[in-house]
Amino acid sequence: GVIVARIKGVDIPNNKRIEISLTYVYGIGRSLSNQILKDAKINPDKKAGELTNEELNAILKAGEYAPSGMGLQSPKMVVLQNKETIKKLSKLNAKIMGKDIDPFYSAPTVIVVLADKTKMTYIEDGSLVLGNLMNAAHSLGIGSCWIHRAKEEFATEKGKELLKEWNIQDNYVGIGHCILGYPCGKLQEPKPRKEDYITIIK
């Protein structure tokens, strides 16, 4: 999962102010929590699972500068941090999966990547945005995951209603979701690369 922070084997709740969340760790009281946050220059009102504005903006900038066919910039990104909206979209995604789970793993931030289907390279363009988002997140030590089924989501009536609510034209289709959150422990090491990944012909 990418969501729950863990300190000394204790899961830190991401739905509380970080000033309070730190006190879940044995030996850390309110005064020590405040001192830790002061020393780290972290706003005590920030919730533990939330990315800072600086982190989010850096990740979004990377997505914004992803290459696109002919430089036409067919994708759009919709950043969701409203819990009810994320929950609504999660239920829609789970229904498409045919499972009663949260496909977004309780992520506090979900970036929906859409692309203009009238552009020839819209799928590739949107995929490059998602790749850039995930690479940028990793460089900042932030967990990310590409969650699929966005195309099917926004082809449903409920999905179309959301697009209308967000003022997105109906020529935009879902490419994927990038969920973001602080990782539970260290970021996972990548799997070993397959031996025949690269072929060089001179």
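Let me start at one spot in the chain, Pro44, which is placed in the loop between α2, residues 30–40, and α3. This is a predicted model, so please keep that in mind throughout. Is Pro44 buried, exposed or something in between? At 29% relative accessibility, Pro44 counts as partly exposed, because the buried class ends at 20% and the exposed class begins over 50%. Pro44 also has a partner in space: Ile20 lies 24 residues away in sequence, and the two C-alpha atoms are 8.4 Å apart.

Now the chain as a whole. The protein chain has 7 helices and 6 strands. Going along the sequence, their pattern reads β-β-α-α-α-β-α-β-α-β-α-α-β. There are 202 residues in the protein chain, and 39% of them count as buried. Take the contacts between residues at least 6 apart in sequence: 75% of these join residues at least 24 apart.

Next, the sheet. Four strands form an open sheet in the order β3-β4-β6-β5, and the pairing is antiparallel. Which strands sit at the edges? They are β3, residues 75–80, and β5, residues 143–147, and each of these pairs on one side only. From one strand to the next, the twist averages 25 degrees. As general background, strands of a sheet pair through backbone hydrogen bonds, in either a parallel or an antiparallel way.

I will stay with β4 for a moment. Strand β4 covers residues 109–116 and is joined to β3 by 6 bridges, the two running antiparallel. Two residue pairs illustrate this: Lys76 has Leu114 of β4 as its bridge partner, and Leu80 stands opposite Val110 in β4. Towards β6, the pairing of β4 is again antiparallel, over 8 bridges. Val110 appears here as well, standing opposite Ile179 in β6.

Why call β4 largely enclosed by the rest of the structure? Because 8 of the 8 residues of β4 are buried. Thr109, Ile111, Val113 and Ala115 point one way from the strand, Val110, Val112, Leu114 and Asp116 point the other way, and all are buried.

Two helices lie across this sheet. Helix α3, residues 53–64, lies across β3, β4 and β6, and runs at about 165 degrees to β3. Helix α5, residues 122–139, lies across β3, β4, β5 and β6, and runs at about 5 degrees to β6.

That brings me to a residue in strand β6, namely His177. With a relative accessible area of 0%, His177 is buried, since the cut-off for that word is under 20%. What does the side chain of His177 reach? It reaches the backbone oxygen of Ile147, at 2.8 Å. The His177 side chain also makes a polar contact with the side chain of Glu153, again listed at 2.8 Å.

Last, the rings. How many aromatic pairs does the structure hold? The count is 1 aromatic pair. A separate item concerns Tyr197: the charged end of Lys194 sits over the ring of Tyr197, 5.2 Å from the ring centre.

To recap, there is an open antiparallel sheet of 4 strands, with α3 lying across β3, β4 and β6 and α5 across β3, β4, β5 and β6. Within that sheet, β4 is largely enclosed, and His177 in β6 is buried.

Key: Residues are numbered from 1 along each chain as its sequence is written. This is a predicted model: local features need pLDDT of at least 70, side-chain atom pairs count only at pLDDT 80 or more; totals for chains, interfaces and linings use all residues. Side-chain values use heavy atoms; hydrogens and water are left out. Rings of Phe, Tyr and Trp (its six-membered ring) pair if their centres lie within 6.5 Å; planes under 30 degrees apart count as stacked, over 60 as edge-to-face and the rest as tilted. A charge sits over a ring if NZ of Lys or CZ of Arg is within 6 Å of the ring centre and within 35 degrees of the ring normal. Two strands pair if DSSP finds at least two bridges between them. Axes are lines fitted to C-alpha atoms, for helices over the stretch in contact, and angles run from 0 to 180 degrees between N-to-C directions. Contact means heavy atoms within 4.5 Å. Buried means under 20% relative accessible area, exposed over 50%, partly exposed in between (1.4 Å probe, protein chains only). A polar contact is a pair of N or O atoms within 3.5 Å; within protein, one must be able to donate a hydrogen and the other to accept it, and residues adjacent in sequence count only if both atoms are side-chain atoms.
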